[in-house]
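Q: Please take one close look at the strands and how they sit together, then follow that through to whatever packs around them. I'd like a single connected walk-through rather than a list.

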Amino acid sequence: MPLLTARNLYKSFDGTGVLKGISLDVDKGEVLTVIGPSGSGKSTLLRCMTQLEAVDRGEISVCGETLVKTGENQSAVYSDRAACRRIALHIGLVFQNFNLFPHFSVLRNIAEAPMHVLGKKKAEAEASAMELLKKMELSDKADFYPCQLSGGQQQRVSIARALAMNPDLLFFDEPTSALDPELTGEILKVIRDLAAEHMTMVVVTHEMAFARDVADQVVFMADGVIVEQGTPEQVFANTQSERTKAFLSRFNES
């Protein structure tokens with residue numbers, strides 16, 4: 001059974017369709033990368049799957065539990081609040097712009113949610129946070145504040161914060177888009193390491209080489225639909241759609 005299932009997702013803003021019948025599956029331990037031009041619906045898809053936006057209709061299931069389905073009146077019917085909260089605990093999300101609490105230390109940024117949401121004791125939460133900082137090669141930054149860190153370091157703290165909740169599924173919304181090119185590599189390395197550990201991930205990215213090299217499955221979106229989907233070999237080396245070819249050609253030339 002897939003860890004994440006989406007079927008026929010539709011979403012509009014002010015009457016403009018942004019998602020137009022999106023369907024996909026993500027198996028346990030799989031890395032799915034979502035690529036496509038700006039405005040194609042990539043981030044909206046991610047936000048709908050992480051409960052930051054509500055779909056108009058369609059079905060989403062996470063870890064075998066239904067988040068939303070299409071009702072008899074063809075509109076979305078969400079599960080009750082308790083079920084939505086349980087499903088949210090299966091998911092971690094890393095934003096483009098870090099979203100760290102500026103008035104919290106690095107250590108507190110990571111330990112706060114496990115204490116208040118999972119009920120962990122302070123000592124346990126901080127010990128786990130320190131292990132994650134070690135994993136991110138930031139052990140010496142525990143007492144720093146976000147403003148004292150580089151963008152790449154802040155993003156690594158964001159990843160550690162998401163991992164601190166022990167999610168089954170980790171979403172990344174263009175995790176390198178706010179970074180200088182020099183800092184992009186360190187974040188991609190962290191995601192590669194997580195992939196090697198078989199962390200289940202959905203990564204919206206504009207880094208084509210990364211999408212090709214790390215993904216088990218690639219989705220190319222344009223104008224609110226999935227134009228092409230398959231293995232990296234199928235999408236990048238055996239492209240079927242002219243729309244996909246046109247998009248990828250810009251990166252091949254650069």
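**Strands, sheets and what covers them**

A: Start with one residue pair: L9 has I22 of β2 as its bridge partner. Keep in mind that this is a predicted model. That pair belongs to a longer run, since strand β1 (residues 4-13) and β2 run antiparallel and are joined by eight bridges. Zoom out and you get an open sheet of five strands, ordered β2-β1-β4-β5-β6, with antiparallel pairing. Its edges are β2 (16-26) and β6 (76-78), each of which pairs on one side only. Going across this sheet, neighbouring strands are turned by 20° against each other on average, with direction ignored.

Two helices pack on that sheet. Helix α1 (residues 42-49) touches β1, β2, β4 (57-62) and β5 (65-70), and its direction makes about 65° with that of β2. Helix α2 (residues 81-89) touches β4, β5 and β6, with its direction at about 120° to that of β5.

Now for the other sheet. It's open too, with six strands in the order β7-β8-β9-β3-β10-β11, and here the pairing is mixed. β7 (91-94) and β11 (225-230) are the edge strands, each pairing on one side only. From one strand to the next, the twist averages 15°. Helix α5 packs on this sheet, touching β7 and β8, and its direction makes about 170° with that of β7.

The strand to zoom in on is β9, which sits between β8 and β3 in that order. On one flank, β8 and β9 pair in the parallel sense over five bridges, and D173 has V204 of β9 as its bridge partner. To get from β8 to β9 the chain goes through α6, and this β-α-β crossover is right-handed. On the other flank, strand β3 (residues 31-35) pairs with β9, also in the parallel sense, over four bridges. You can pin that register at two places: V31 stands opposite M201, and V34 stands opposite V204. V204 therefore turns up in both pairings, with D173 on one flank and V34 on the other.

So how enclosed is β9? Five of its five residues are buried, so this strand is largely enclosed by the rest of the structure. Side chains in a regular strand alternate between the two faces of the sheet. In β9, T200, V202 and V204 are on one side, M201 and V203 are on the other, and all of them are buried, leaving both faces covered.

That brings us to the packing. M201 is among the residues with the most contacts inside the largest nonpolar core, alongside I110, I159, L163, L170, F172 and L194; this core has 36 residues. At least two core residues come from each of α3 (106-116), α4 (122-135), α5 (151-163), β8 (169-173), α6 (181-196), β9 (200-204) and α7 (208-214). The element that gives the most is α6, with six residues.

For a local view, try L170. Setting aside residues up to four places away in sequence, L170 touches G92, L93, V94, A162, L163, L194, M199, T200, M201 and V202. Another core, of 28 residues, lies apart from the one just described, and L9, L19, V34 and V68 are among its residues. L9 is where we came in, as the partner of I22, and V34 is the residue standing opposite V204.

Back to two of the helices feeding the largest core. In α3, the buried residues are V106, L107, N109, I110, A111, E112 and P114, and they pack against α4 and α5. In helix α6 you'll find T184, which counts as buried at 8% relative accessibility. Beyond neighbours within four places in sequence, T184 is in contact with T176, L179 and E207.

Last, a quick look at the cysteines, in case you're wondering about covalent links. C48 is buried, with a relative accessible area of 0%, while C147 counts as exposed at 71%. The cysteine sulfur closest to that of C48 is in C84, 13 Å away, which is too far for a bond. With a cut-off of 2.5 Å between cysteine sulfur atoms, the disulfide count comes to zero.

Methods. Residues numbered from 1 in each chain as written. Predicted model: local features only at pLDDT ≥ 70, side-chain atom pairs only at ≥ 80, totals over all residues. Heavy atoms only, no water. Core = buried A, V, L, I, M, F, W, Y, C linked by side-chain atoms within 4.5 Å. Buried < 20%, exposed > 50% of the residue type's maximum accessible area, 1.4 Å probe, protein only. Contact = heavy atoms within 4.5 Å. Pairing = 2+ DSSP bridges. Right-handed = clockwise from strand over helix to strand, strands pointing away. Axes fitted to C-alpha atoms, helices over the stretch in contact; angles between N-to-C directions.
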